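User: I'd like to learn how to read the features of a model like this one. Could you walk me through it, starting from a single residue?

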Amino acid sequence: MTTYFDDVTEGEQLPVPEYPLSMYRLVMAAGSNRDFNSIHHNSEYAKASGAPEAYANVLFLMGMWERAVRDWAGDRAVIGSVKGFSMKKFNLVGTTTTVHGTVVAKELRGDKGVVTVELVSRNSGVVTVGPGTIEVELPLQEVRV
């Protein structure tokens, strides 16, 4: 699937991916991005540090944002700058995090179509990450003969 710049409208909502945060998933995320801090995969350790439970790490949360944009934009998109990514609350094991995106701007920059998507992560209806933005370069509509 490819999303073309010409087909995008400001205010458009991206599909909302869900991430059930099992301990297995947090362990796999910690291993894959080499963040071996026990607060991300050991409940007792996390609680002893003052957290209510083990929680998702930054790289996993950023990956959620990228997937939300990539699933919508397609493989031909080029993801550019990420701004405003800020963790507000924990994304705890045993909960589900969702990522919500809205197209807030689009512009032509030379021969490139650039779209700005505002994103937030929510858990139990509360914003846990963001709001922030990602710029995405989308292909222009191909001329069909």
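Analyst: Happy to! A strand here is a DSSP run of E with at least two residues, and strands are numbered from the N terminus. Keep in mind that this is a predicted model. In our case, valine 82 sits in strand β2, which covers residues 78-83.

User: Is valine 82 buried, exposed or partly exposed?

Analyst: The idea is to compare relative accessibility with two cut-offs: under 20% is buried, over 50% is exposed, and partly exposed lies in between. Valine 82 counts as partly exposed because its relative accessibility is 37%.

User: Which residues is valine 82 in contact with, leaving aside neighbours within four places in sequence?

Analyst: Contact means heavy atoms within 4.5 Å. With those neighbours set aside, valine 82 touches Met62, Trp65, Thr133 and Ile134. You can also look at C-alpha distances: valine 82 and glutamate 66 are 9.5 Å apart in space, with their positions 16 residues apart in sequence.

User: In what order do the strands form the sheet?

Analyst: Follow the pairing from one strand to the next. Here five strands make an open sheet, ordered β1-β3-β4-β5-β2, with antiparallel pairing. At the edges are β1 (18-20) and β2, each of which pairs on one side only. Ignoring direction, neighbouring strands of the sheet are turned by 25° against each other on average.

User: How many bridges join strand β3 to strand β4?

Analyst: Twelve bridges link β3 (residues 96-109) with β4 (residues 112-123), and the two run antiparallel. As an example of residues facing each other, threonine 98 stands opposite arginine 122 in β4.

User: Which helix packs on the sheet, and which strands does it touch?

Analyst: That is helix α3 (residues 58-73), which touches β1, β2, β3, β4 and β5 (126-138). The direction of α3 makes about 45° with that of β5.

User: And how do I read the nonpolar core?

Analyst: As a general idea, nonpolar side chains tend to be buried together in soluble globular proteins. In this model, the largest nonpolar core has 33 residues, and those with the most contacts inside it are Trp72, Val115, Val117, Val136 and Leu138. Two or more residues come from each of α1 (23-32), α3, β3, β4 and β5. Helix α3 gives the largest share, eight residues.

User: Which residues does valine 117 contact, leaving aside neighbours within four places in sequence?

Analyst: Its contacts include Leu14, Trp72, Val103, Ile134 and Val136.

Definitions and conventions: Residues are numbered from 1 along each chain as its sequence is written. This is a predicted model: local features need pLDDT of at least 70, side-chain atom pairs count only at pLDDT 80 or more; totals for chains, interfaces and linings use all residues. Side-chain values use heavy atoms; hydrogens and water are left out. Helices (H or I, at least four residues) and strands (E, at least two) are DSSP runs, numbered from the N terminus. Buried means under 20% relative accessible area, exposed over 50%, partly exposed in between (1.4 Å probe, protein chains only). Two strands pair if DSSP finds at least two bridges between them. Axes are lines fitted to C-alpha atoms, for helices over the stretch in contact, and angles run from 0 to 180 degrees between N-to-C directions. A nonpolar core is a set of buried Ala, Val, Leu, Ile, Met, Phe, Trp, Tyr and Cys residues joined through side-chain atoms within 4.5 Å.
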